[in-house]
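Visitor: Please give me a close look at one loop. Then link it to the rest, with burial, backbone angles and charge pairs in view.

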Amino acid sequence: MAKKISKNIHIEVVYASKGNNSNQFRIFFKNQLAGYIDFEEYFDAYWYFENYISEEKFLKLFPNSNFINMQLLFIKSDFRRKGLGNILMDNFVKYINKSFPYTPIYLNASPFDNDIEPSISFENLVKFYKRFQFVEIIRQQFNCQMIKVA
């Protein structure tokens, strides 16, 4: 699936293939890959949280025991500060709501990129996700587990 957002921006979804469980939601700027979100659908997934929350709380957050695990949002350094992260996230949430109705999105917000260098402050990262209606479920020193209820 490819979708043109503007003259210079388009997005596409690449689905998991053999040997790779993650799907990828990509954003392109002037036909160059600018960033992506890796995500995966988890089923009967209490095991993912059993060390952090009770099963009762899990079922309140994830009533059908399934969720989309947003594993990584990454914007290449050359494309940062151009609003592409906002465009990518907005279109990702819309895509998930349409393709996986009634399925919450889970993420673990941590402000580190592939070089283990902060690319955004922890507090600004949490604020970024809150703009897309994510709420905190578990906050630790430098990461915050968040959910967007469908």
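Guide: Start with a cut-off: a residue counts as buried when its relative accessible area is under 20%. Above 50% it counts as exposed, and in between as partly exposed. The model is predicted.

Now the loop. Serine 65 sits between α1 (55-61) and β5 (67-75). Its relative accessibility is 16%, so serine 65 counts as buried. The backbone angle deserves a look too. Most residues other than glycine have a negative phi. Serine 65 is not a glycine, yet its phi is positive, at about 70°.

Glutamine 133 offers a second case. Its phi is near 70°, again a positive value in a residue other than glycine. This residue also lies in a loop, the one between α3 (122-130) and β7 (135-139). Its burial class is another matter. With a relative accessible area of 53%, glutamine 133 is exposed, whereas serine 65 is buried at 16%.

Go back to helix α1 for a charge pair. Side chains of opposite charge can pair when their charged atoms come close. Lysine 60 and glutamate 56 do this through a salt bridge, at 3.8 Å from N to O. They are four residues apart in helix α1, so about one helical turn separates them. Both ends are open to the surface: lysine 60 is exposed at 64%, and glutamate 56 is exposed at 56%.

Helix α2 (residues 84-99) repeats the spacing, as lysine 94 and aspartate 90 are four residues apart there, about one helical turn. Their closest N and O atoms are 3.1 Å apart, in a salt bridge. Aspartate 90 has 30% relative accessibility, so it counts as partly exposed.

Next comes a pair past the glutamine 133 loop. Glutamate 136 bridges to arginine 139, with 3.0 Å between the closest N and O atoms. Shared partners extend this: Glu123, Lys130, Glu136 and Arg139 form one network of salt bridges. Glutamate 136 is partly exposed at 30%. Arginine 139 is partly exposed as well, at 36%. In the whole structure, the search finds six salt bridges.

Glutamate 136 also leads inward. It is among the residues that glutamine 145 touches. Glutamine 145 belongs to strand β8 (residues 144-148). At 3% relative accessibility, it counts as buried. Other contacts, beyond four places in sequence, include Phe49, Tyr52, Tyr106, Leu107 and Ile137.

Glycine 35 is another buried strand residue, with a relative accessible area of 0%. Its place is in strand β4 (residues 32-42). Its contacts outside four places in sequence are Phe25, Arg26, Ile27, Phe74, Ile75 and Leu88. Phe74 and Ile75 bring us back to β5 (67-75), the strand that follows the serine 65 loop. Glycine 35 also pairs a long sequence gap with a C-alpha distance of 9.2 Å: arginine 80 is 45 residues away in sequence.

Finish on the surface. Lys4, Lys7, Lys30 and Lys82 gather there in a patch of positive charge. One of them, lysine 4, lies in strand β1 (residues 2-4). Its relative accessibility is 62%, so lysine 4 counts as exposed.

Definitions and conventions. Residues numbered from 1 in each chain as written. Predicted model: local features only at pLDDT ≥ 70, side-chain atom pairs only at ≥ 80, totals over all residues. Heavy atoms only, no water. Helix = DSSP H or I, 4+ residues; strand = E, 2+ residues; numbered from the N terminus. Buried < 20%, exposed > 50% of the residue type's maximum accessible area, 1.4 Å probe, protein only. Contact = heavy atoms within 4.5 Å. Patch = residues over 30% accessible without salt bridge, like charges linked within 9 Å, V, L, I, M, F, W, Y side chains within 5 Å. Areas by Shrake-Rupley, 256 points an atom, 1.4 Å probe, with all protein chains shown as cover. Salt bridge = Lys/Arg side-chain N within 4 Å of Asp/Glu carboxyl O. Lys, Arg positive; Asp, Glu negative; His and termini not counted. Charge placed at Lys NZ, Arg CZ, Asp CG, Glu CD.
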